[in-house]
Amino acid sequence: MGIFLVILSWTAMFLLFLVFILFLAYCLYVKHIHMKYDHIPGPPRDSFLFGHSATYLRATRSSKLIHDTFLEWAEIHGPVCRQNILHYIIILVTCPEGTKEVLMSSKYPKDRFFYKQLFNLFGQRFLGNGLVTAQDHEQWYKQRRIMDPAFSSLYLRGLISVFNERAEKLMTKLSDVADNEREASMLHLVNSLTLDVIAKVAFGVDLETLKDSSLFPQAVQTCLKGMLFSVRDKFFKFNPKNRPFIKEVREACHLLRTTGAQWIQARKTAMENGDDVPNDILTQIIKTAGKEESMTEEDEELMLDNFVTFFIAGHETTANQLAFCIMELTRLPDILEKVKKEVDDVIGMKQDITNEDLGKLIYLSQVLKETLRIYPTAPGTSRDVLEDIVIDGIHIPGGVTCFFSSYATGRMDKFFKDPLTFDPDRFHPDAPKPYYCYYPFALGPRSCLGKNFAQMEAKVVMAKLLQRFDFTLLPGQTFDLQDYGTLRPKSRVVCSVRRRNHKK
Ligand code: HEM
């Protein structure tokens, strides 16, 4: 027994010593990384080992927007700004040339550090290898090619009736709010609307979240919140206090994927029966998986990855853009009058908006673009740069992540004079185009597949809202942003709603 205890304590001491040596070796490695990259300007580290992660954590746990910190850092340290987390190096790039060089090329894959974390959420498969998160170029390209027809301009033009029909349901709801002199959270309402639109357009399903509050939209929200904590706070999962929330997130992911499996199966059955099925996103998702006889388990999972991807990518960002737009217009009477006049001139009192009408709503497009400049709802993107590169004259040894923030560049004086002033004329058709400093839909091969879809939807909804209603923000509403990974209006844009008086 005595000998056994002695052996045990020696083994424990040896293991402790080994851990200490490994820790020391790791610290030396971190030191080596510091020496390799410290010539790149950047803010002082919060700590030797964890680098700038304390700043990220503080922002996640407080109401400060981490993107404002990025903006401050870019202003102070210049267009190539280094950040450290353990042995990882992140370079915030805000110069147009560097942005163009990296984002426009397919040479630089999406960054492993960030996107891999969205493969699973707390151990439950989430976005997997779907379109947004796929890192392998071949795997991504195959999916994107198959998905393209569901986003061709011809196909999108055919969707105008669905956009009209769904947006009308929101108008009915708002008429009810206005007639009963009630208030409404516009963020909540447009969120339900865009969820219903993506369910209908992409998957042929009538979700009707504007009418009933089902578990599904709640699950989507829970996953978004889970994404934020899982990515930003590495220690979140270790805190026993967070277990109930983590369980909720896992269940929400599971609900999304099982719903996806049911909808995919229903569509496959319809296809097998020779039924007439639309050429929509769901049909394309099924095509990405290949032939039934050779379908692997991973093919099945990939279909679910894309199902979840389109639900997550395809509604919230548009809803937030709409909510920010309504919020801004409540405090800009001149711009509001001008955009209302355009809507009145183009669509008058008619209910159905046509594709031709959308082409004529030029000032409304400018307003929506300007909304995304100040409030880019998907604020940035990142790429792995594995080989040495020179950006803005600074040599960056390979092995870093380059981060591009449309939020930071959109609010920099050197790109947009008086950046906090909401001025749609910056996007006047005759104004010079912003040069690689405005990219709310990202840029290059991995830019947003749903850009035209989103802007068509946003235009139809805004045009109808402006045609029929006046909005006033309730007292106490702020213009602050909230970071959920995507950016949204913190006060949820709670408004009193009145029908417009067209007799004036
Ligand atoms: C205002 C609305 C939207 C904004 C601001 C937006 C923004 C973005 C951004 C910045 C990316 C790049 C993400 C990254 O690099 O991590 C992206 C990718 C993507 N978005 Fe959107 N998006 C919007 C609406 C939509 C809609 C409505 C859909 C689908 C119907 C959609 C589908 C996608 C897909 C599939 C990707 C991945 C593209 C790829 O890598 O091939 N988005 N979006």
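This passage walks through a predicted model, starting at the beginning of the chain and then moving through its strands, helices and loops.

The opening stretch makes an easy starting point. UniProt, in an unreviewed entry, lists residues 6-29 as a "transmembrane region". In the model, residues 6-29 are 100% helix and 0% strand. From one end of that stretch to the other, the C-alpha atoms are 34 Å apart.

Next come strands 1 and 2. Strand 1 covers residues 80-85, and strand 2 covers residues 88-93. The two run antiparallel and are joined by six bridges. One of the pairs to look for is Cys 81, whose bridge partner in strand 2 is Leu 92. Together the strands make a hairpin, with two residues sitting between them. Leu 86 belongs to that turn, in the loop that links strand 1 to strand 2. Its backbone is worth a look: phi of Leu 86 is near 50°, a positive value in a residue other than glycine. Is Leu 86 buried or exposed? The answer falls in between: Leu 86 counts as partly exposed because 14 other C-beta atoms lie within 10 Å.

Strand 2 also has a partner from much further along in the numbering. Strand 9, residues 400-405, pairs with strand 2 in the parallel sense, over four bridges. Here Val 93 has Phe 404 in strand 9 as its bridge partner. So how much of strand 2 is covered? Mostly covered is a fair description, since five of its six residues are buried.

A separate group of three strands forms an open sheet, in the order 5-13-10, with antiparallel pairing. Strand 5 (183-185) and strand 10 (469-473) are the edge strands, each pairing on one side only. From one strand to the next, the twist averages 40°. Strand 13 spans residues 494-499 and pairs with strand 5 over three bridges, in the antiparallel sense. Within that pairing, Ala 184 stands opposite Cys 495 of strand 13.

Two helices pack on this sheet. Helix 8, residues 160-179, touches strand 5, strand 10 and strand 13. The direction of helix 8 makes about 90° with that of strand 13. Helix 9, residues 186-203, touches strand 5 and strand 13. Its direction makes about 55° with that of strand 5.

Val 493 ties several of these parts together on the page. It is found in the loop between strand 12 (486-489) and strand 13. With 28 other C-beta atoms within 10 Å, Val 493 is therefore buried. Which residues does Val 493 contact, leaving aside neighbours within four places in sequence? They are Ser 185, Met 186, Leu 187, Ala 323, Ile 326 and Met 327. The numbering hides how the chain folds back here: Val 493 and His 188 are 305 residues apart in sequence, yet their C-alpha atoms are 8.6 Å apart in space.

Elsewhere, helix 6 (residues 137-147) meets helix 12 (residues 281-288). Their axes come within 9 Å and cross at roughly 145°. The crossing is right-handed. On the helix 6 side the contact uses Gln 143, Ile 146 and Met 147, while helix 12 brings Gln 284, Lys 287 and Thr 288. Sorted by type, the contact residues are two nonpolar, three polar and one charged.

The last stop is Cys 448. UniProt lists this residue under "binding site", again in an unreviewed entry. Cys 448 is in the loop between helix 18 (406-410) and helix 19 (451-468). Why does Cys 448 count as buried? It counts as buried because it has 20 C-beta neighbours inside 10 Å, and 20 is the number at which a residue starts to count as buried. Not counting residues up to four places away in sequence, Cys 448 touches Phe 441 and Ala 442. Ala 442 is also in the loop between helix 18 and helix 19. Its phi is near 60°, a positive value in a residue other than glycine. Ala 442 has 17 other C-beta atoms within 10 Å, so this residue counts as partly exposed.

Conventions. Residues are numbered from 1 along each chain as its sequence is written. This is a predicted model: local features need pLDDT of at least 70, side-chain atom pairs count only at pLDDT 80 or more; totals for chains, interfaces and linings use all residues. Axes are lines fitted to C-alpha atoms, for helices over the stretch in contact, and angles run from 0 to 180 degrees between N-to-C directions. A crossing is left-handed if the near helix is turned anticlockwise from the far one by less than a right angle, and right-handed if clockwise. Two residues are in contact if their C-beta atoms, placed from the backbone, lie within 7 Å. Ala, Val, Leu, Ile, Met, Phe, Trp, Tyr, Cys and Pro count as nonpolar, Asp, Glu, Lys and Arg as charged, and the others, Gly among them, as polar. Two strands pair if DSSP finds at least two bridges between them. UniProt positions are given in the numbering used here, feature names are shortened, and annotations may be inferred rather than shown by experiment. A residue is buried if 20 or more other C-beta atoms lie within 10 Å of its own, exposed if 12 or fewer, and partly exposed in between; C-beta atoms are placed from the backbone.
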